[in-house]
Amino acid sequence: YATGTRTVRSPGFNAADGTCTMRETVELGLTIDERLAAGYYYSKSIRLLTHLLEHPELLDRPISEEVDY
């Protein structure tokens, strides 16, 4: 698989309360060969990756500790 990142500045994010905030974002590209990853396992991996990106503090846990997502 291949990944690529670059830092970009977003024009703004609208929060649930209606406020607009500026913050830096990272554009992430991910390519996985479907011959190596079946759809079920691919979708679970993407769901886990999304969860970890939304909750980076989980990356500080020991590798032996399972992450619920």
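**Exercise 1. Is leucine 28 buried, partly exposed or exposed, and what is its relative accessible area?**

Solution. Before you start, keep in mind that this is a predicted model.
- Step 1: find the residue. Leucine 28 sits in strand 4.
- Step 2: get its number. The relative accessible area of leucine 28 is 45%.
- Step 3: hold that against the cut-offs. Buried means under 20%, exposed means over 50%, and partly exposed is in between. At 45%, leucine 28 is therefore partly exposed.

**Exercise 2. Work out which residues form the nonpolar patch on the surface, and which elements give two or more residues to it.**

Solution.
- Step 1: list the members. The patch is made by Leu28, Leu30, Leu49 and Leu53, and together they have about 340 Å² of accessible area.
- Step 2: assign the elements. Strand 4 (24-31) and helix 1 (39-54) each give two or more residues to this patch.
- Step 3: look at one member from the helix. Leucine 49 is found in helix 1, and it is partly exposed because its relative accessible area is 31%.
- Step 4: check what leucine 49 touches. Not counting residues up to four places away in sequence, leucine 49 touches Leu28 and Leu30.
- Step 5: add a distance. From C-alpha to C-alpha, leucine 49 and tyrosine 69 are 9.7 Å apart, with their positions 20 residues apart in sequence.

**Exercise 3. Take histidine 51 and leucine 48, and decide for each whether the residue is buried or partly exposed.**

Solution.
- Step 1: place them. Histidine 51 belongs to helix 1, and leucine 48 is in helix 1 too.
- Step 2: use the cut-off of 20%. Histidine 51 has 18% relative accessibility, so it counts as buried. Leucine 48 comes in at 27%, so it is partly exposed.
- Step 3: go through the partners, leaving aside neighbours within four places in sequence. Histidine 51 is in contact with Leu58, Val67, Asp68 and Tyr69. For leucine 48, the contacts are Val67 and Tyr69.
- Step 4: look for a polar atom pair. A polar atom of the histidine 51 side chain lies 3.5 Å from the backbone oxygen of aspartate 68.
- Step 5: finish with the backbone. Leucine 48 and valine 67 are 19 residues apart along the chain, and their C-alpha atoms are separated by 8.5 Å.

**Exercise 4. Find out how many salt bridges the structure holds, and describe what you find.**

Solution.
- Step 1: recall the principle. Side chains of opposite charge can pair when their charged atoms come close.
- Step 2: count. There is one salt bridge in the structure.
- Step 3: name the pair. Arginine 61 and glutamate 65 form a salt bridge, and their closest N and O atoms are 3.3 Å apart. That fits within the 4 Å cut-off.
- Step 4: check the exposure. Arginine 61 has a relative accessible area of 37%, so it is partly exposed. Glutamate 65 is partly exposed as well, at 37%.

**Exercise 5. Sketch the whole chain, then say where confidence is lowest and where it is highest.**

Solution.
- Step 1: count the elements. The protein has one helix and four strands.
- Step 2: put them in order. Along the sequence, the pattern reads β-β-β-β-α.
- Step 3: add the overall figures. Of the 69 residues, 9% count as buried. The accessible surface comes to about 6,200 Å², and 54% of it belongs to carbon and sulfur atoms.
- Step 4: look at the contacts with a separation of 6 or more. Residues 24 or more positions apart account for 23% of them.
- Step 5: judge the confidence. The average pLDDT is 77, and 78% of the residues score at least 70. Strand 1 (residues 2-9) has the lowest mean, at 53, while helix 1 has the highest, at 86.
- Step 6: apply the caution. Where pLDDT is low, the predicted coordinates should not be read in detail.

How values were computed: Residues are numbered from 1 along each chain as its sequence is written. This is a predicted model: local features need pLDDT of at least 70, side-chain atom pairs count only at pLDDT 80 or more; totals for chains, interfaces and linings use all residues. Side-chain values use heavy atoms; hydrogens and water are left out. Patches are made of residues with over 30% relative accessible area and no salt bridge: like charges are joined within 9 Å, nonpolar side chains (Val, Leu, Ile, Met, Phe, Trp, Tyr) within 5 Å. Accessible areas come from the Shrake-Rupley method with a 1.4 Å probe; for residues, only the protein chains shown count as cover. A salt bridge is a side-chain nitrogen of Lys or Arg within 4 Å of a carboxyl oxygen of Asp or Glu. Buried means under 20% relative accessible area, exposed over 50%, partly exposed in between (1.4 Å probe, protein chains only). Contact means heavy atoms within 4.5 Å. pLDDT is the predictor's confidence in each residue, from 0 to 100. A polar contact is a pair of N or O atoms within 3.5 Å; within protein, one must be able to donate a hydrogen and the other to accept it, and residues adjacent in sequence count only if both atoms are side-chain atoms.
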